[in-house]
Amino acid sequence: MGERIDWRTGETMAFPDRLDLQRQDLSQVYRPQREWIDGRGLLIVIAHFFSGIGAGAWLWSTLYDFPMGQALAIGCVIGLSGVAHMAFLGRWDRFWRMLRRPHQSWISRGIWSIGIFGLAAVASMLPAVRDSAAAPVVLGLSVLAATAILLYEGFVYAASRAIPFWRTRLLPVLYIAYGLRGGAALLLAVAAFGGSGFDVRAVEVIKLWVVVSTAVLILLYLVSSTRSGGAARESVAQLVAGRISPAFYGGTVLAGIVAPIALALSRDALGLPELVLLGAIGLASLVGDFYVKYCIVKAGVYVPLVAAEGVGSPG
Amino acid sequence: MRLGMVIDLKRCIGCYGCQIACKAEHGTRPGTTYARVVKREWGVYPNVKKLSIPVLCMHCAEPPCVEVCPTGASQKRSEDGIVFVESDFCVGCRACVMSCPYGARYFQDEQRDYFDTGENEYEQALYAAHQAGVVEKCDFCRHRLEQGQEPACSANCMCKARIFGDLEDPNSEVSRLIREEGGFQLNPELGTDPSVYYLPPDR
Ligand code: SF4
Ligand code: SF4
């Protein structure tokens, strides 16, 4: 057991530290994954959240020609996600080595996508490029790279053969949908808090459609996971009725699905100014977008080493 | 040649000798146990059964850890099938930890010591071989194999529950045991084709 100060009482209290948890996990049939969620592991969820909404925001703001949104998208993908990625790595000084195996590893493909996106997106905003004949090519490259970023995140998890809850083609689809809705949510929030030159109404309609469809996707994902064996069932159980249920119901369901729909439906009853309402929808969605990724990653449990009924026929 | 191991669950008495031998051989930090013994119980009193299951890296023929590694740090040797981590290439992304179904990989996060008094000379000497911020795992004691010795865990098992050998040689002891005693792999449905086989406890 380690020790830490309880900030409420000022008392020293014992807490299970990493090794205690590891010991405890090894004795369980369903061992939770911790490396990508606990401690510094949370940074990978944060990194994927920012690169997802950043790539989504780039696609929307390119579609609706919203330079402020484009700048924000670059900040999310290269700035916030980049820093979180680096801080997560055990040896960030060797990060360039992750470019070595794009033919095999989804992480490698993701790093390439982020790099190409950074170069193309920044270049496309430079006046010299914007006014040149190369503009459509550079912009097209940035759009392709942003799409690849949305695509790779889900596949990074789906490539984990040891965690059945993640090992489904539905996960990349869910990540793409959440990236797109997160990008739209970011633009709504920006528009509400002073961003100008952006047609919020156009995105609002799409946004609501995406909120509803992601809700359906999550349901599909959970239902199909219950049919993917014991470990995936355990993950679903932890989400809907176990250790992760507060984050799932509060963050993913309430903030991410119920609140945006309720706010949109009660538009007239609330009588709020249009932009404030849209900003609130955007912010609630962003919270939901973070929590859906947090919950999915946290719910990952490993396939049991030894089946619950034993090895051989222990009786 | 495909190096592998057979673990006889009937012979293992769960003494943790292999786990300690491995730690002594490699001088790993607290929390890192390339070879470990898992204990499982089944049934309800008075009809209960307890089993000790020694585990280690399964040196899978189709290793998912190698497949997902973005740097090429995780590799499989073509000459004998040993899966190992080239620490100098590892960035500590832990994708391999997520894809290993057998809990065989350990991220070297905190550089923790065993004793409050700090590192003793033995620890200082052996810890020097381990980098921080990378993933480590069993490599079937490559350094011992080079000297003609078998891995520390099997060499030190007093019950001869861990038997090391070449799975591709039909006349080796490991091949014979798998064939004649009903050897099986853990989680074969995952398609990893482990090079570590188990013999049933109740044969
Ligand atoms: S047991 Fe795990 S670490 Fe060892 S080869 Fe198989 S997947 Fe890789
Ligand atoms: S932690 Fe190291 S060995 Fe594992 S996948 Fe990442 S780079 Fe490869």
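This passage walks through a predicted model, moving from chain A to a sheet in chain B, the ligand surroundings and the salt bridges.

Chain A makes a convenient starting point. Its secondary structure amounts to 12 helices and 2 strands. Read from the N terminus, the order of elements in chain A is β-β-α-α-α-α-α-α-α-α-α-α-α-α, with the two strands ahead of the helices. Chain A has 315 residues, and 52% of them are buried. When contacts in chain A between residues at least 6 apart in sequence are considered, 71% link residues at least 24 apart.

One pair of helices in chain A can be followed in some detail. Helix H9 (residues 230-241) and helix H10 (residues 245-265) of chain A cross at roughly 65 degrees, and their axes come within 5 Å. On the H9(A) side, the meeting residues are Gln238(A), Leu239(A), Val240(A) and Ala241(A); on the H10(A) side, they are Ser245(A), Phe248(A) and Tyr249(A). By class, the contact of H9(A) with H10(A) comprises 5 nonpolar and 2 polar residues, with no charged ones.

In chain B, attention turns to a sheet. Three strands form an open sheet in the order E8-E1-E9 (chain B), and the pairing is mixed. Strand E8 (162-166) and strand E9 (196-199) of chain B are the edge strands; each has a single partner strand, so one side of each lacks a neighbour in the sheet. On average, and with direction ignored, neighbouring strands of this sheet are turned by 25 degrees against each other.

The pairing of E1 with E9 can be traced residue by residue. Strand E1 (residues 3-8) of chain B runs parallel to E9(B), and 4 bridges join the two. Within this pairing, Val6(B) is found opposite Tyr197(B) of E9(B), and Ile7(B) opposite Tyr198(B) of E9(B). The side chains of E9(B) point two ways: Val196(B) and Tyr198(B) go one way, Tyr197(B) and Leu199(B) go the other, and all are buried. Helix H7 (residues 173-181) of chain B lies across E1, E8 and E9 of chain B, and runs at about 115 degrees to E8(B).

The model also holds ligands with chain B residues around them. Ligand 1 is surrounded by 14 residues, of which Cys57(B), Met58(B), Cys60(B), Cys65(B) and Cys100(B) come nearest. The shell around ligand 1 has 11 nonpolar, 1 polar and 2 charged residues. Around ligand 2 there are 13 residues, and the nearest of these are Cys69(B), Cys90(B), Cys93(B), Arg94(B) and Cys96(B). This shell around ligand 2 divides into 8 nonpolar, 3 polar and 2 charged residues.

Arg94(B), one of the nearest residues to ligand 2, also takes part in a salt bridge with Glu35(A), in which the closest N and O atoms are 3.3 Å apart. Glu35(A) sits in the loop between helix H1 (18-26) and helix H2 (42-63) of chain A, and Arg94(B) in the loop between strand E5 (83-85) and helix H3 (95-99) of chain B, so this pair joins two chains. Glu35(A) and Arg94(B) are both buried.

Over all chains, the count of salt bridges comes to 20. Another of them is formed by the side chains of Glu25(B) and Arg144(B), at 3.3 Å from N to O. Glu25(B) belongs to helix H1 (residues 17-26) of chain B and Arg144(B) to helix H5 (residues 142-146) of chain B, so the pair ties together parts that are 119 residues apart in sequence. With a relative accessible area of 25%, Glu25(B) is partly exposed, whereas Arg144(B), at 12%, is buried.

A further salt bridge links Lys50(B) with Glu41(B), the closest N and O atoms lying 4.0 Å apart. Here Lys50(B) is exposed, with a relative accessible area of 52%, and Glu41(B) is exposed too, with a relative accessible area of 62%. Finally, Asp8(B), Arg11(B), Glu181(B) and Arg203(B) are joined into one network by salt bridges that share partners.

Methods
Residues numbered from 1 in each chain as written. Chains lettered and ligands numbered in written order. Predicted model: local features only at pLDDT ≥ 70, side-chain atom pairs only at ≥ 80, totals over all residues. Heavy atoms only, no water. Pairing = 2+ DSSP bridges. Axes fitted to C-alpha atoms, helices over the stretch in contact; angles between N-to-C directions. Contact = heavy atoms within 4.5 Å. Near = heavy atom within 4 Å. Nonpolar A, V, L, I, M, F, W, Y, C, P; charged D, E, K, R; others polar. Buried < 20%, exposed > 50% of the residue type's maximum accessible area, 1.4 Å probe, protein only.
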